[in-house]
Amino acid sequence: MSFFRSIPLVAIIIASVNLVAQEDQKNFTQDVLSHLSGSLESNLQWYNNDPEFLEVDYEDEYLRSNSYLRLDYEFLNNFTAGLQLESYEPMALLNYYKGYEGTDLATYYVNYKNESLDITAGYFYEQFGSGLLLRTYEERQLGWNNALRGGRVIYTPNSYLSATVLYGQMRNAFEISDTNLYGVNTNFDITNAFKIESLSNLSLGLSYVGKQEDFSKNPDFINSPNTPNLISSYAINLDADFGKFYTSMEYTIKGEDVAYQDLGGFLKSVSDQFYKGNALLVDLGYTKKGIGINTTFRRIENMSFFAESDFSNPKQNQFNMLSVNYIPALTKQQDFALGNIYVYQPQARLSISEIAGQAGEIGSQIDAFYTIKKGTALGGKYGTKLTANFSYWALLDAKFNDQEQTYDAEFLKFGKKLFKDFNIEMRKKWSKTWNSIFTFQNGTTNKGVFTGEPVALAKEVDFTIAVAEATYKFGKGKSIRLEAQHLWSESFLVASNIANGNWAGGTIEVNLNRNLSLYVNDIYNYDNYVEDYQIHYYNFGGSYSKGATRIALNYGRQRGGLLCVGGVCRFVPENTGLSLNLTTAF
């Protein structure tokens, strides 16, 4: 998309500015700035050739950057217009989607909003329910932005009813998908509508998403008699809050869509059949002062959902571009470096194979929170916070028929184990100056989750992680934080140095004042099966913050493997370099 296509939006902003100027010429500049807001983020990295990482390909571009400028302007009381410029010069940071190149207008929008209507034209983000059917959002660390370009109307006629209608084509870097997406979502607040005082909340949601794709452009489907003109998907969700107890349930049916055959590790689309999918999500919880328990169960079958069929193949789309829905890993999100080595990726896709087939996943996680009261033997003067988490995920138990290209999955039967994880954490404040965190994690993971080999054939890896952290505060923003970590797991041979054997790690972080902090950390794979891969992944640097502006500079090595944000992951290669990050808002 050319930058000059932003001219209509710029003209709207200029026109609105002129209206403001006519109303109050004396305070023109001040008034304009009071209606303008925005943010700037720039991430620059200078990569170095590291003798430890001989396989890294920098494509002769060692200095790279990703930059984002967002501007929003309010005018005429009910209107807002905005745009986002993005720059990837001279190239995007390592291992970002190839479509991110150059500098251009990435998104733009105009919005009108009053008490009952919210109308957007241009690019927008939306989520239906938990996102199992539709979620569009931006996550720059993953190179993810699947905004829709089109139109959306949200109508809220009263305090208990709202309806959303949308149409759009999904963003694909600086381009958009050829596929048309249609959506309708309604939410009905039963508690408010019928004045049910015994319930804190009871609401019902209904959703529809239609995907209209031109399969004639895909050679795999030109002669298929079963090609659908419109793939229709539906969801229903119910939320209830009884005070101390709460629950939410969502059931999704995905229309007949593309699936794949696993031909000896090579994925090929099944060209003469399309397959339905479904998902069930149940969340239950109890909470009161000092204690909380939450459990989540999820079953997903063939819920890989992409705007274009070509992008459904994970072998060709490692960045998950054009993903319509949102299926995060429902496991504990770890704060420490070694805890992010053996992470879990959801297995939502369908692959037809009697040997290495998979139809989806099934599992659950349980979170528990408890605060030991102040003044008790274990609580001490300041109390003690305990948290525990357990998660278990497995393939759906399913049978596959290669000749007929069919499968049959059990609804509530667990198949091969993919991931099991138990965590316990204690946060303790010992005095006004000292506090600490102790974490213990024990788990088992399927190798295929982090190596990319078929999970139905891959073996398991057991691991245990222990972390101790202590922070001492000197006052006036000064503090020092010390952290020690260790990971125990078996040492094994893999094709690349992704995760292997025992690791040790540590961090020292010093806050010199409320604005300036420095750090140094290192994680060391001292027990790798391959001696040449026994590498120190060191990093050191610092950051300076003032108001809404933050500048960070660091140098070091990036461990290769899965990078996860919010339960969504992508693979990153090992690399070494100097990084400069700038963020500001106004």
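In this predicted model, a positive patch on the surface is formed by nine lysines, namely Lys244, Lys288, Lys289, Lys373, Lys374, Lys381, Lys429, Lys432 and Lys473. One of these residues, Lys373, is located in the loop that lies between strand 22 and strand 23. Lys373 counts as exposed, because its relative accessibility is 64% and the cut-off for exposed residues is over 50%.

The two strands that flank the loop of Lys373 are themselves paired, since strand 22 and strand 23, the latter spanning residues 384-401, are joined in the antiparallel sense over 12 bridges. On its other pairing, strand 22, which covers residues 360-372, runs antiparallel to strand 20, residues 291-301, and 11 bridges join these two strands. Phe369 of strand 22 takes part in both pairings, being the bridge partner of Gly292 and also having Thr387 of strand 23 as a bridge partner. In general terms, the strands of a sheet pair through backbone hydrogen bonds, and the pairing may be either parallel or antiparallel.

A further arrangement is found in an open sheet of three strands, which follow the order 18-17-21 with mixed pairing. The edges of this sheet are strand 18, residues 266-269, and strand 21, residues 351-352, each of which pairs on one side only. Strand 17, made up of residues 260-263, runs parallel to strand 21, to which it is joined by two bridges; within this pairing, Gln261 has Ile352 of strand 21 as its bridge partner.

Several loops contain backbone features that deserve separate description. In the loop between strand 3, residues 79-88, and strand 4, residues 102-113, lies Pro90, and the peptide bond that leads from Glu89 to Pro90 is cis, with an omega angle near -5°.

Positive phi values in residues other than glycine are found at Asn302, where phi is near 50°, and at Gln405, where phi is about 55°. Asn302 belongs to the loop between strand 20 and strand 21, whereas Gln405 belongs to the loop between strand 23 and strand 24, the latter comprising residues 406-429. With a relative accessible area of 1%, Asn302 is buried, because the cut-off for buried residues is under 20%. Gln405, at 14% relative accessibility, therefore also counts as buried.

Conventions: Residues are numbered from 1 along each chain as its sequence is written. This is a predicted model: local features need pLDDT of at least 70, side-chain atom pairs count only at pLDDT 80 or more; totals for chains, interfaces and linings use all residues. Side-chain values use heavy atoms; hydrogens and water are left out. Two strands pair if DSSP finds at least two bridges between them. Helices (H or I, at least four residues) and strands (E, at least two) are DSSP runs, numbered from the N terminus. Patches are made of residues with over 30% relative accessible area and no salt bridge: like charges are joined within 9 Å, nonpolar side chains (Val, Leu, Ile, Met, Phe, Trp, Tyr) within 5 Å. Accessible areas come from the Shrake-Rupley method with a 1.4 Å probe; for residues, only the protein chains shown count as cover. A salt bridge is a side-chain nitrogen of Lys or Arg within 4 Å of a carboxyl oxygen of Asp or Glu. Lys and Arg count as positive and Asp and Glu as negative; His and the chain ends are not counted. The place of a charge is taken as NZ of Lys, CZ of Arg, CG of Asp or CD of Glu. Buried means under 20% relative accessible area, exposed over 50%, partly exposed in between (1.4 Å probe, protein chains only).
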